[in-house]
Amino acid sequence: MLITTGLAVVMLFVLTSLAGSKIAGVREWAQANALAILALALSACRGIVPDLLSIEVANGLFAVAICLMLAGFRLHLGRPVPVRLLAAGCALTVAAVAVFHVGFDSLPLRTVVVSVFHGIICLAIGLAIPTHSHARLRYAYLYTRCAALVLALGHLVRGCAYAFQADVPAAFLEPTTQNLVFFALGTLALPGLTLGAVMMANARMVSDAVHAADHDYLTGASTRRAFFAVAEHEQARARRHGSGLGLLLLDVDHFKRINDTHGHAVGDQVLRELVAVTQDVVRKVDVCARLGGEEFAVLLPDAQLDTALAVAERLRAALDRSLQAAPGAARVPYTVSIGVAMLQEDDSFAGFMARADAALYAAKAGGRNRVVSAQAGAYPAAPNPAARAACG
């Protein structure tokens, strides 16, 4: 019990350190461990403090603690918490414990009641955790799910074992093998589940941090860094398998004029809508990224020139539109220019990008709101920044 109490204290400190992370469920897990520490202290004082505290109150605290663990997991997973059902379960468990203490004193029957309740809650935790998840979350989810289901099975076995000997008197800490194994199962359940909770919270923080680094905060598109990482991988794969790789560079026409006339908030709405429309038009395997300002890129794996041009034209047509920034406000028209390039046999990625950028410049210089394809050698180099700015 001292070891379990020490583990609960350590877990409480770990969870408290995560309090500022804004990860859902952390507060409930911390509260569960705080209640478990108090419950363990009361249980350890059996015979020293009144039985009401060491039996009814201690078991009630344990029941609330395991319910808080379930609540934390459901909140962490974005699921509703059945508060009334859990409260009713806790009340019935404490009432049954009181009946088998005050009305008819039987430790085995009290154990059966507590085991059934904790087993049901552990089963609910195990079933709440999905079997499939993002790769960064999979290990933490798998451990927690397995731990919860093993604990549920253990509580079931303990309940059955004591049910079959319900009329046999046994001391609370009688040093038999069965009693010690089952007692360890009951006391170590919460630290085991808390370890899973900490693993899940840590995995979520890492996943969120990686997502934030790889996605543009304003639009949700991939960042420049993430885009180049994917592009290098796809370039190597295209060379290895001899498949096509297309690149679209698109730029909002006269974006500075939109910002100057309608304000930066409207400009931001245009960029967000552009990404949303683009992701609807392209395939799921295609990568849309914000390279900077109003310039975006779309990488098209396993695509030939005719496919890339068709996608670019569909995208240009879909983005020839107007945005209504607010109800009743005048609509803000906008268009995009798109440069298309295909990976050539001897291309470096810098050269690949330069040809797409030159095609984008040609689309703007040719009147905007159009698609231009960069054939090998058609444009000697990307325009300098001053020329690009002049074209808008």
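**Exercise 1. Find the residue in E6 that is the bridge partner of Gly 246.**

Step 1. In E6, Met 342 is the bridge partner of Gly 246. Keep in mind as you look that this is a predicted model.

Step 2. Now widen the view to the strands. E1, residues 245-252, pairs with E6 in the antiparallel sense, and seven bridges link the two.

Step 3. Turn to E7, residues 371-374: E6 and E7 run parallel and are joined by four bridges. Here Gly 339 stands opposite Val 372 in E7.

**Exercise 2. Work out how the strands are ordered in the open sheet that holds E6.**

Step 1. Start with the general idea: strands in a sheet pair through backbone hydrogen bonds, in either a parallel or an antiparallel way.

Step 2. Reading across this open sheet of five strands gives E2-E3-E1-E6-E7, and the pairing is mixed.

Step 3. Look at the ends of that order. E2 (287-292) and E7 are the edge strands, each pairing on one side only. From one strand to the next, the twist averages 20°.

Step 4. Check the pairing at the E2 end. E3 covers residues 295-301 and pairs with E2 in the antiparallel sense over five bridges. Cys 288 stands opposite Val 298 in E3.

Step 5. Finally, trace the unit that links E6 and E7. Together with helix H12 (residues 349-365), they make a left-handed β-α-β unit.

**Exercise 3. Decide whether the faces of E6 are covered or open.**

Step 1. Recall that side chains in a regular strand alternate between the two faces of the sheet.

Step 2. Sort the residues of E6 by side. Val 336, Ile 338, Val 340 and Met 342 lie on one side, with Ser 337, Gly 339 and Ala 341 on the other.

Step 3. Residues on both sides are buried, so both faces are covered; the cut-off for buried is under 20% relative accessible area.

Step 4. The count for the strand (residues 336-342) agrees: seven of its seven residues are buried.

**Exercise 4. Describe how helices H2 and H3 pack.**

Step 1. Two values are useful here: a pair of packed helices is described by the angle between the axes and the distance between them.

Step 2. For H2 (residues 26-44) and H3 (residues 51-76), the angle is about 165° and the axes are 8 Å apart.

Step 3. Angles over 145 degrees count as roughly antiparallel, and therefore H2 is roughly antiparallel to H3.

Step 4. Add the hand: H2 and H3 cross in a left-handed way.

Step 5. Finish with the residue classes. The contact of H2 with H3 has 20 nonpolar, six polar and one charged residues.

Definitions and conventions:
Residues numbered from 1 in each chain as written. Predicted model: local features only at pLDDT ≥ 70, side-chain atom pairs only at ≥ 80, totals over all residues. Heavy atoms only, no water. Axes fitted to C-alpha atoms, helices over the stretch in contact; angles between N-to-C directions. Parallel < 35°, antiparallel > 145°, perpendicular 65-115°, else oblique. Left-handed = near helix turned anticlockwise from the far one by under 90°. Nonpolar A, V, L, I, M, F, W, Y, C, P; charged D, E, K, R; others polar. Buried < 20%, exposed > 50% of the residue type's maximum accessible area, 1.4 Å probe, protein only. Pairing = 2+ DSSP bridges. Right-handed = clockwise from strand over helix to strand, strands pointing away.
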